[in-house]
Amino acid sequence: MREIAVVTVARSDFGIYLPLLKAIRANPDLRLRILVSGTHLSPEFGLTVREIEEAGLEIFERIESLIASDTPAAIAKSIGLGVLGFAQLFSRYKPDILMVLGDRFDMLPAAIAALPFRIPIAHIHGGEVTEGVIDEAIRHSLAKMSHLHFVAIEPYAQRLRQMGEEDWRIVVSGALSLDLIRSSKLLSAEQILKRFGIDVRNPSLLVTYHPVTLEVEDTERQITHLLEALGKLDVPCLFTYPNADTHGSFIIHAIEDYCQTHPQSTVVENAGQQEYWSLMARVSAMVGNSSSGIIESASFALPVVNVGSRQAGRIRPRNVIDCGYERDEILQAIRQAIDPEFRAGLGDLSNSYGDGHAAERIIQRLATIRLGRKLLVKRFVDHPFS
């Protein structure tokens, strides 16, 4: 059996992976090995490793890496600890293919450690652009270290070709998260009220705001203006925790203080994937700078206010309203998003990020790609300058 080791480091990537993990486990020619690291193992972020266990999936290895701090030095040290941990694992266990996803700093160590062991790497969600964060450099680094690419849409495949990647290594699979949306049973408004205390039958907002890591010195101003705009509207909000990035703890404290003075709003460490999709399907609008507002939101025809530069460069659907960091600009964008006329105009919206069958395409390539020298030795494809 061909062993596929999948690296998961956070609630966000696990929710994306889930349809693929189940498909690998169900395939008689493949053996799934789940490698858990990053915020999954952190009590501060909800100890989300339990979600993997509750899904009935066996964890092959836990790799501790995260330092309990969000300073630049702590992030850099966490990367180093992750490399050490994965190196120790690969010295006694080598999968046939190592699978990584996205652009997180705690995903990077697995790929770095795999290189000297000549382990083929498959990367999901390459070719995308997020100009406001250090994740931008990490994603492209992971792409260059990888031997197979599963991208969401054709323009992202073209970016990988521009980076010198051979065309046969690239599969336009669609976004994996849409597979889960297609198969998920959504919670009712009554169930959401019982679970979160938010009545989504009335105007309400889902808010997810992450640090913009190339603008960390501006984090306090950014979250202050966002919360001031939300306070002006006085609409119930459900906040989710930010990623474990530099100054993420500042955002958490600011949100918790806001909810103390606005008791109709609440914050959760981790909503859970089914619950998160259910919220996206039921709330009036989404506000923040999460990739889910770009990639998944169109599946629900959900109005999204995308604040600032974190997602700059990503191809976005027409339900997304971009705005800057100033309070009044955010306020104006939210008012546009919750206007019934704006949402009515999204009735025919389709999601260009996929059709909900990405896992099938990925599995087909994982099961049939020939292992060996051709896969490991990467040839850089030069393109003539125009």
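## A buried histidine in strand β6

In this predicted model, H149 has a relative accessibility of 0%, and because anything under 20% is classed as buried, this residue counts as buried. Its place is in strand β6, where H123 stands opposite H149. The side chain of H149 is joined to the side chain of E165 by a polar contact of 2.7 Å. Leaving aside residues up to four places away in sequence, H149 touches H123, A143, L160, E165, R169, I170, V171 and K378.

What surrounds the rest of strand β6, and are its faces covered or open? Both faces are covered, since L148 and F150 on one side are buried, as are H149 and V151 on the other. This arrangement can be read alongside a general rule: in a regular strand the side chains alternate between the two faces of the sheet.

## The sheet around β6

Strand β6 belongs to an open sheet of seven strands, which follow the order β3-β2-β1-β4-β5-β6-β7 and pair in the parallel sense. Strands β3 (59–63) and β7 (170–172) stand at the edges, and because each has a single partner strand, one side of each is left without a neighbour in the sheet. From one strand to the next, the twist averages 20°. As a general point, the strands of a sheet pair through backbone hydrogen bonds, in either a parallel or an antiparallel way.

On one side of β6 (residues 148–151) lies its pairing with β5 (residues 121–124), which is parallel and runs over three bridges; within it, A122 stands opposite L148. Between these two strands the chain passes through helix α5 (residues 135–145), making a β-α-β crossover that is right-handed. Strand β6 is also joined to β7 by three bridges, and these two strands run parallel, with V172 of β7 as the bridge partner of V151. Here the chain crosses from β6 to β7 through α6, and this β-α-β crossover is likewise right-handed.

Helix α1 (residues 11–26) lies across four strands of the sheet, namely β1 (2–8), β2 (30–37), β4 (97–101) and β5, and runs at about 165° to β1.

## A buried glutamate before β7

E166 is found in the loop between α6 (154–162) and β7, and with a relative accessibility of 8% this residue counts as buried. Its side chain meets that of R169 in a polar contact of 2.9 Å. When residues up to four places away in sequence are not counted, E166 touches K378, R379 and V381; K378 is also among the residues that H149 touches.

## Aromatic pairs

The count of aromatic pairs comes to eight. One of them joins F90 and F117 in an edge-to-face arrangement, with 6.1 Å from centre to centre and 65° between the planes. Because F90 lies in helix α3 (residues 72–90) and F117 in the loop between α4 (108–114) and β5, the pair ties together parts that are 27 residues apart in sequence. F90 is buried, with a relative accessible area of 1%, whereas F117 is partly exposed at 24%. Ring pairs also link F86, F90 and F117 into a cluster.

Another pair is formed by Y156 and Y353, whose ring centres are 6.2 Å apart and whose planes stand at 45°, so this pair is tilted. Y156 lies in helix α6 and Y353 in the loop between α14 (340–344) and α15 (358–368), which means that the pair ties together parts 197 residues apart in sequence. Y156 is buried at a relative accessible area of 0%, and Y353, at 1% relative accessibility, counts as buried too.

Methods
Residues numbered from 1 in each chain as written. Predicted model: local features only at pLDDT ≥ 70, side-chain atom pairs only at ≥ 80, totals over all residues. Heavy atoms only, no water. Pairing = 2+ DSSP bridges. Axes fitted to C-alpha atoms, helices over the stretch in contact; angles between N-to-C directions. Contact = heavy atoms within 4.5 Å. Buried < 20%, exposed > 50% of the residue type's maximum accessible area, 1.4 Å probe, protein only. Polar contact = N/O pair within 3.5 Å; in protein donor to acceptor, adjacent residues only side chain to side chain. Right-handed = clockwise from strand over helix to strand, strands pointing away. Phe/Tyr/Trp six-rings, centres within 6.5 Å; stacked < 30°, edge-to-face > 60°.
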